[in-house]
Amino acid sequence: MATSSQNSEQLPRDGLLPIRTVSNLTGVNPVTLRAWERRYGLIKPIRTPKGHRLYALNDVDLINQIVNLLNNGMSISQVGQVLHQDQQPVEVLQDQQEYDPWTGYRQRLVQAIGLFDERILNQIYTEALSLYPIELVTHQLIVPLLRELGDRWEQGQGSVAEEHFFSVFMRNKLGARFHHHSRDARGPKLLAACLPGEHHEVGILLFALAALDRDFRVVLLGANTPLTALPDVVEQTGGHAVVLSGSQHTPAAVVEKELPEFVKQIQTPVFIGGQVTACYTQILEASGAIVLGDDFGLALRTINAQLRRSPSEPNR
């Protein structure tokens, strides 16, 4: 007869999901899932005899609940108190005036950037990614930080060298992740590029990674891409949509003349994101392009919904 310890080794597989599948379903990377388990005890997956984690469907629901709480402004430690004490989120937020983690992260990153210390910069960025989903880190930390660095430079509080230093750091980090993850995507293909005159490509890289996390395939063309070159690229790659990014410094001629001409040339949808959308919303919409907001998750849902409505799509 098998002992109880032997029986415990024979774990049920029906309805259990490996960590990679759970990551794809929830958008939370495996490193973060492990940190939530080890450091905060938020989730408790079953272990196989070889130590692999398996998650039940109620674990997936719990992870989605955690993500929702984080999206509503909680820190990871506050989430733990809500789950462990079975309290309502509003009670914790009212009773505990906890330091805003994103403000703290931004202040630490600005200090590291001012010192041009890549080692400390990498430690802080890695710490944030280990505790929070990549989309939340992007939306709450990196995008606001990029804006803060730009504002600091314009106000004379920082230097253009600081902005360039951080941009190069992020480009290297994001580029490595992009090339690592791009092999696995199987969904619709997006062409992602910066508008002519736009040399800051961190934003389009962040978007590309968010798209890969949702199984989109991405052809990344980078900074300062001539719109006249894109129709041939769309045809050669079989792209399902074009996503363009620009800043408030995008030349008016690009928005008012070049973009409308480009949209008329191709049959695939054209989406526009970045701060250029706040400066030229009406002109962009009149051109036939579809304006996206700052929230990458919402932007990708908009793209997906538009592609589903598209009467015809490339076959590649």
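Good morning. Let me begin with a convention: Ala, Val, Leu, Ile, Met, Phe, Trp, Tyr, Cys and Pro count as nonpolar, Asp, Glu, Lys and Arg as charged, and the others, Gly among them, as polar. On that basis, the lining of the largest pocket divides into 15 nonpolar, 15 polar and eight charged residues. I should state at once that the model under discussion is a predicted one.

I shall stay with this pocket for a moment. The space within the largest pocket comes to about 870 Å³. Its lining is made up of 38 residues, and those nearest the centre are L146, H200, G203, S247 and Q275. Two or more lining residues come from each of helix 9 (134–154), helix 10 (160–181), helix 11 (202–213), strand 6 (241–245) and helix 16 (296–309). Which element gives the most to this lining? That is helix 9, with eight residues.

Let me now turn to the protein as a whole. The chain has 316 residues, and 46% of them count as buried. The protein holds 16 helices and eight strands. Considering contacts between residues at least 6 apart in sequence, 69% join residues at least 24 apart. The exposed surface amounts to about 16,500 Å², with carbon and sulfur atoms supplying 49% of it.

I should like to close with a region towards the N terminus, starting from T26. This residue belongs to helix 2, which spans residues 19–26. Is T26 buried or exposed? Its relative accessible area is 13%, and T26 is therefore buried, since the cut-off for that class is under 20%.

The side chain of T26 has two polar contacts to the backbone that I wish to point out. One of its polar atoms lies 2.8 Å from the backbone oxygen of V22. A polar atom of the T26 side chain also lies 3.3 Å from the backbone nitrogen of V28. Leaving aside residues up to four places away in sequence, T26 touches V60, I63 and N64.

On the V22 contact, a general remark may help. An α-helix has 3.6 residues a turn, so residues three or four places apart point the same way.

Further along the chain we reach helix 3, residues 30–38. What caps the N-terminal end of this helix? The cap is N29, with a side-chain oxygen 3.1 Å from the backbone nitrogen of V31. Within helix 3, the buried residues are P30, T32, L33, A35, W36 and E37. The charged residue E37 is thus listed among the buried positions of this helix.

Thank you for your attention.

Note on methods: Residues numbered from 1 in each chain as written. Predicted model: local features only at pLDDT ≥ 70, side-chain atom pairs only at ≥ 80, totals over all residues. Heavy atoms only, no water. Helix = DSSP H or I, 4+ residues; strand = E, 2+ residues; numbered from the N terminus. Buried < 20%, exposed > 50% of the residue type's maximum accessible area, 1.4 Å probe, protein only. Contact = heavy atoms within 4.5 Å. Areas by Shrake-Rupley, 256 points an atom, 1.4 Å probe, with all protein chains shown as cover. Polar contact = N/O pair within 3.5 Å; in protein donor to acceptor, adjacent residues only side chain to side chain. 1 Å grid on protein atoms, 1.4 Å probe; cavity = no way out; pocket = protein on both sides within 12 Å on 5 of 7 lines; lining within 4 Å. Points joined across faces, edges and corners; volume = space filled by probe spheres on them.
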